[in-house]
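Ready for a bit of practice? Take a look at the sequence and the structure, then work through the exercises below.

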Amino acid sequence: PPLVFVHGLSGSWQNWLLQLPEFSRDHRCIAVDLPGFGSSEMPREKISISGYGRWLDALLDELGIDGCALVGNSMGGFVGLEAALALREKVERLVLVSAAGLSV
C-alpha cells in the first residue's frame with residue numbers, strides 16, 4: 001500500500017531518508033518535495049496550504065494512487081490534514097508528526 005511522506009517548512013523529501021528503507025519493506029513509499037522546496041520549482045499560483053493539498057491530489061492522480069496513508073511533519077502535517085479533509089476517499093490514514101496548524 002502507498003505511503004506518502006510530506007516534509008515540513010524549509011524541508012525536502014530527504015527529511016525522510018531514515019524512514020524510507022524501513023517502510024519500503026512493506027509499502028510503496030513516496031517522499032515529495034512540495035512546490036518551492038528542495039529541487040522543485042516555485043509554484044505559479046500563490047502559495048497556500050490548500051494549494052499544496054490540491055497539488056497532492058494531482059500528484060496522487062498522476063501516480064495512479066486511489067488510496068494511501070499520508071505522513072506529514074510540521075507544515076507537512078498541516079498540508080496532510082488539509083488533504084485528508086478534502087480528499088477523504090484518497091487519504092485512508094493520516095499520521096501527524098509535530099504538525100503545524102493544529103490548536104486546542
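A residue counts as buried when its relative accessible area is under 20%, and as exposed when that area is over 50%. Keep in mind that this is a predicted model.

**Exercise 1.** Find out where S12 sits and whether S12 is buried or exposed.

*Solution.*
Step 1: Go along the chain to the loop between β1 (2-6) and α1 (20-23); that's where you'll find S12.
Step 2: Look up the relative accessible area of S12, which is 14%.
Step 3: Compare with the cut-off: buried means under 20%, so S12 is buried.

**Exercise 2.** Work out what S12 touches.

*Solution.*
Step 1: Skip the neighbours within four places in sequence; S12 is then in contact with H7, V32, D33 and G38.
Step 2: Now check side chains: those of S12 and Q14 make a polar contact at 2.5 Å.

**Exercise 3.** Put the strands of the sheet in order and say which ones stand at the edges.

*Solution.*
Step 1: Trace the four strands of the open sheet: the order is β2-β1-β3-β4, with parallel pairing.
Step 2: β2 (28-32) and β4 (91-97) each have a single partner strand, so one side of each has no neighbour in the sheet and they stand at the edges.
Step 3: Zoom in on one pair: β1 and β2 are joined in the parallel sense over five bridges, and L3 has C29 in β2 as its bridge partner.

**Exercise 4.** Which strands does helix α2 lie across?

*Solution.*
Step 1: Pick out α2 at residues 49-62.
Step 2: Follow α2 across β1, β2 and β3 (68-73); α2 runs at about 150° to β1.

Methods. Residues numbered from 1 in each chain as written. Predicted model: local features only at pLDDT ≥ 70, side-chain atom pairs only at ≥ 80, totals over all residues. Heavy atoms only, no water. Helix = DSSP H or I, 4+ residues; strand = E, 2+ residues; numbered from the N terminus. Buried < 20%, exposed > 50% of the residue type's maximum accessible area, 1.4 Å probe, protein only. Polar contact = N/O pair within 3.5 Å; in protein donor to acceptor, adjacent residues only side chain to side chain. Contact = heavy atoms within 4.5 Å. Pairing = 2+ DSSP bridges. Axes fitted to C-alpha atoms, helices over the stretch in contact; angles between N-to-C directions.
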